[in-house]
Each structure stands twice: as C-alpha cells, then as structure tokens.
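Please look over the sequence and the model shown here before reading on. The report that follows takes up burial, packing and strand pairing in turn.

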Amino acid sequence: MNVMQSEFPLVPEPYPLIAERAGLTVDDTMARAQRLLDGRIIREITPIFDTRTLGYSSMLVAAKVDTEYPHRPAEIINSHPGVSHNYLRTHEFNLWFTIATPPDSELGLQGTLDVLQS
C-alpha cells in the first residue's frame with residue numbers, strides 16, 4: 001500500500017510497475033489489494049487530486065443531521081460530484097464530509113453548501 005499511495009504510476013498498466021517496486025509478482029500484488037478491499041480495510045483504490053492546485057475550492061464540512069435517519073442527508077450530499085466521502089460521528093456535528101467545487105462553479109463553494117443545506 002505504501003508503494004501504491006506514494007508512487008502510483010500513471011500508465012495504462014500500473015500493476016506490473018507496482019509489483020516490481022514492491023518486489024512482488026503481479027498476481028500477489030493484485031491478491032493483496034483484493035484482500036484489503038474484501039476485508040474492508042480499504043474502501044477503494046482511486047486518485048486524490050490536489051484540488052487547490054487545480055483551482056478548486058474545497059472544505060471539510062461538519063454538519064448536524066437527523067440522528068435517526070442520517071442516511072437520507074448523506075445520499076443527498078453524496079450526489080454532489082465534488083464530495084469524495086463522508087462519515088458519521090457520535091458528536092453534535094454528526095455527519096462530516098469533504099467537498100470541492102471547480103473554479104468555474106456557478107454557485108461557488110458557499111453557494112453549493114447553501115443548496116445542500118436546504
């Protein structure tokens with residue numbers, strides 16, 4: 001996972017290079033990644049971009065949602081393409097999520113949050 005997190009090659013077939021850097025076979029590399037996914041130790045293997053470098057506005061948001069039905073607002077929040085993830089917490093602010101809006105967003109970050117809130 002350290003190789004994948006720090007040196008993921010941006011090529012059409014990255015796993016042979018990852019396996020080589022880790023001193024493993026491709027099959028073993030793929031099996032290890034699949035075990036982590038199956039065991040829910042990791043959720044997915046996806047890129048994370050530096051949104052600010054790309055001109056996006058981003059924020060970690062702490063929200064108060066209905067504690068009995070938190071999945072309803074989570075579904076609405078997750079429908080926004082700039083939300084990378086969210087999670088429930090046992091706290092007054094019980095739903096936390098990250099969101100990013102592109103530089104050409106008509107609403108901007110605050111406007112988008114206002115729409116999601118309503």
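## Burial in helix α5

A residue is called buried when its relative accessible area is under 20%. In this predicted model, helix α5, which covers residues 108–117, has Leu 109, Gly 111, Thr 112, Leu 113 and Leu 116 as buried residues. The buried residues of α5 pack against strand β1 (57–63), helix α4 (71–78) and strand β3.

## The largest nonpolar core

The largest nonpolar core has 12 residues in all, and three of the buried α5 residues, Leu 109, Leu 113 and Leu 116, are listed in it. The other members of this core are Val 61, Ala 63, Val 65, Ala 74, Ile 77, Val 83, Leu 95, Phe 97 and Ile 99. At least two residues of the core come from each of β1, α4, β3 and α5.

Ile 77 can serve as a viewpoint inside this core: leaving aside its neighbours within four places in sequence, Ile 77 is in contact with Val 83, Asn 86, Leu 95, Phe 97 and Leu 116.

## The β2–β3 hairpin

Strands β2 (residues 83–88) and β3 (residues 95–101) pair in the antiparallel sense over 5 bridges, and the hairpin that they form has 6 residues between the two strands. Within this pairing, Asn 86 stands opposite Phe 97 in β3, and both Asn 86 and Phe 97 are among the contacts of Ile 77.

## His 80 in the loop before β2

Is His 80, which lies in the loop between α4 and β2, buried or exposed? His 80 counts as buried because its relative accessibility is 18%, which falls under the 20% cut-off. Leaving aside its neighbours within four places in sequence, His 80 is in contact with Ile 99, Ala 100, Thr 101 and Thr 112; of these, Thr 112 is one of the buried residues of α5.

## Helices α2 and α3

Helix α2 (residues 14–22) packs with α3 at an angle of about 95°, and the axes of the two helices are 8 Å apart; α2 and α3 are therefore roughly perpendicular to each other. On the α2 side the contact is made by Tyr 15, Pro 16, Ile 18 and Ala 19, and on the α3 side by Val 26, Thr 29 and Met 30. By class, this contact has 6 nonpolar residues, 1 polar residue and no charged residues.

Gln 34 also has its place in helix α3 (residues 26–38), and Gln 34 is partly exposed, with a relative accessible area of 39%. From C-alpha to C-alpha, Gln 34 and Tyr 69 are 32 Å apart in space, while in sequence they are 35 residues apart.

Conventions: Residues are numbered from 1 along each chain as its sequence is written. This is a predicted model: local features need pLDDT of at least 70, side-chain atom pairs count only at pLDDT 80 or more; totals for chains, interfaces and linings use all residues. Side-chain values use heavy atoms; hydrogens and water are left out. Two strands pair if DSSP finds at least two bridges between them. Helices (H or I, at least four residues) and strands (E, at least two) are DSSP runs, numbered from the N terminus. Buried means under 20% relative accessible area, exposed over 50%, partly exposed in between (1.4 Å probe, protein chains only). Contact means heavy atoms within 4.5 Å. A nonpolar core is a set of buried Ala, Val, Leu, Ile, Met, Phe, Trp, Tyr and Cys residues joined through side-chain atoms within 4.5 Å. Axes are lines fitted to C-alpha atoms, for helices over the stretch in contact, and angles run from 0 to 180 degrees between N-to-C directions. Angles under 35 degrees count as roughly parallel, over 145 as roughly antiparallel, 65 to 115 as roughly perpendicular and the rest as oblique. Ala, Val, Leu, Ile, Met, Phe, Trp, Tyr, Cys and Pro count as nonpolar, Asp, Glu, Lys and Arg as charged, and the others, Gly among them, as polar.
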